[in-house]
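Open the model in your viewer and follow the stops below. Each one says what to select and what is found there.

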Amino acid sequence: MQIKAVTENKKQHLDLLLLADEQESMIDRYLERGTMYALYDGGLRSVCVVTDEGGGVLEVKNLATTPQFQGRGYGRQMLAWLADFYHGAYQIMQVGTGDSPLTLPFYQHCGFQITHIVKDFFVNNYDHPIYEAGKQLRDMIYLQKEI
Ligand SMILES: CC(C)(COP(=O)(O)OP(=O)(O)OC[C@H]1O[C@@H](n2cnc3c(N)ncnc32)[C@H](O)[C@@H]1OP(=O)(O)O)[C@@H](O)C(=O)NCCC(=O)NCCS
């Protein structure tokens, strides 16, 4: 397994980024200022984008694993690698996600705890309703973990 920074043509992985954040204009808000990583294990397995939010907070803005390789530990390994790589440079790793049974339990499983909620974030910032597992996402739920 190998994790590499992606410094050029970050949109080569747009198909994966859109799995985690389905509106491209929202991805454009953080893609350039963010640092992107790709995890390879034979082929490409996962991508993520992290940003410096100030105050010692590193935010995971996007994390996606190729559908046929989900549930094999790649997402967890990417988060563990980030925590190790950024240990000392940041104190907190943060992630914001919808109230979805597909993502919240994953982050909690990886040691994140809910810290705060931004009401109606998805309703106010996306140009169409976002559904996950048959449920409309409304609030952004932030979770954090010490690194
Ligand atoms: C969410 C996502 C990134 C998880 O990546 P992954 O590589 O499939 O996750 P992992 O296999 O590393 O899972 C890590 C652990 O979380 C658990 N987990 C993952 N999804 C879960 C879920 N929906 N409910 C409960 N547990 C879950 C796994 O069982 C695993 O447990 P283990 O460590 O005991 O083996 C992946 O499903 C994905 O790409 N989804 C689409 C994009 C997306 O929604 N991204 C998140 C945006 S906020």
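Select N9 first: its relative accessibility is 55%, so N9 counts as exposed (exposed is over 50% relative accessible area, buried under 20% and partly exposed in between, with a 1.4 Å probe and protein chains only). N9 sits in the loop between strand 1 and helix 1 (14–20); helices (H or I, at least four residues) and strands (E, at least two) are DSSP runs numbered from the N terminus. Although N9 is not a glycine, its phi is positive, about 50°. Most residues other than glycine have a negative phi.

This is a predicted model, in which local features need pLDDT of at least 70 and side-chain atom pairs count only at pLDDT 80 or more, while totals for chains, interfaces and linings use all residues. Residues are numbered from 1 along each chain as its sequence is written, and side-chain values use heavy atoms, with hydrogens and water left out.

Go next to A133, in the loop between strand 7 (131–132) and strand 8 (135–136). A133 is a residue other than glycine with a positive phi, near 50°. Its relative accessible area is 54%, so A133 is exposed.

Now colour the protein chain by secondary structure. How many helices and strands does the protein chain have? There are five helices and nine strands. From the N terminus their order is β-α-α-β-β-β-α-β-α-β-α-β-β-β. The radius of gyration of the protein chain is 14 Å, close to the 15 Å that the globule rule gives for 147 residues, so the chain is as compact as a globular protein of that length. The radius is taken over C-alpha atoms, and the globule rule is 2.2 Å times the number of residues to the power 0.38. The C-alpha trace spans about 35 × 30 × 30 Å along its principal axes, and 46% of the 147 residues count as buried.

Select helix 3 (residues 74–85). Its 12 residues should span 16 Å at 1.5 Å a residue, and the end C-alpha atoms are 16 Å apart, which agrees; the expected span is 1.5 Å times one less than the number of residues. Which residues of helix 3 are buried? They are Y74, G75, M78, L79, L82 and A83. In an α-helix there are 3.6 residues a turn, so residues three or four places apart point the same way. To see what covers the buried residues of helix 3, show its surroundings, including strand 1 (2–6), strand 2 (35–41), strand 3 (43–52), strand 4 (57–65), strand 5 (92–98) and helix 4 (104–109).

Move to Y30, in the loop between helix 2 (24–27) and strand 2. Is Y30 buried or exposed? At 6% relative accessibility, Y30 counts as buried. Leaving aside neighbours within four places in sequence, Y30 is in contact (heavy atoms within 4.5 Å) with D21, V49, T51, K61 and N62.

From Y30, draw a C-alpha to C-alpha distance to E146: the two are 22 Å apart in space and 116 residues apart in sequence. E146 belongs to strand 9 (residues 140–146). With a relative accessible area of 70%, E146 is exposed. Not counting residues up to four places away in sequence, E146 touches Q91 and I92. A second C-alpha to C-alpha distance, from E146 to G75, is 18 Å, with their positions 71 residues apart in sequence.
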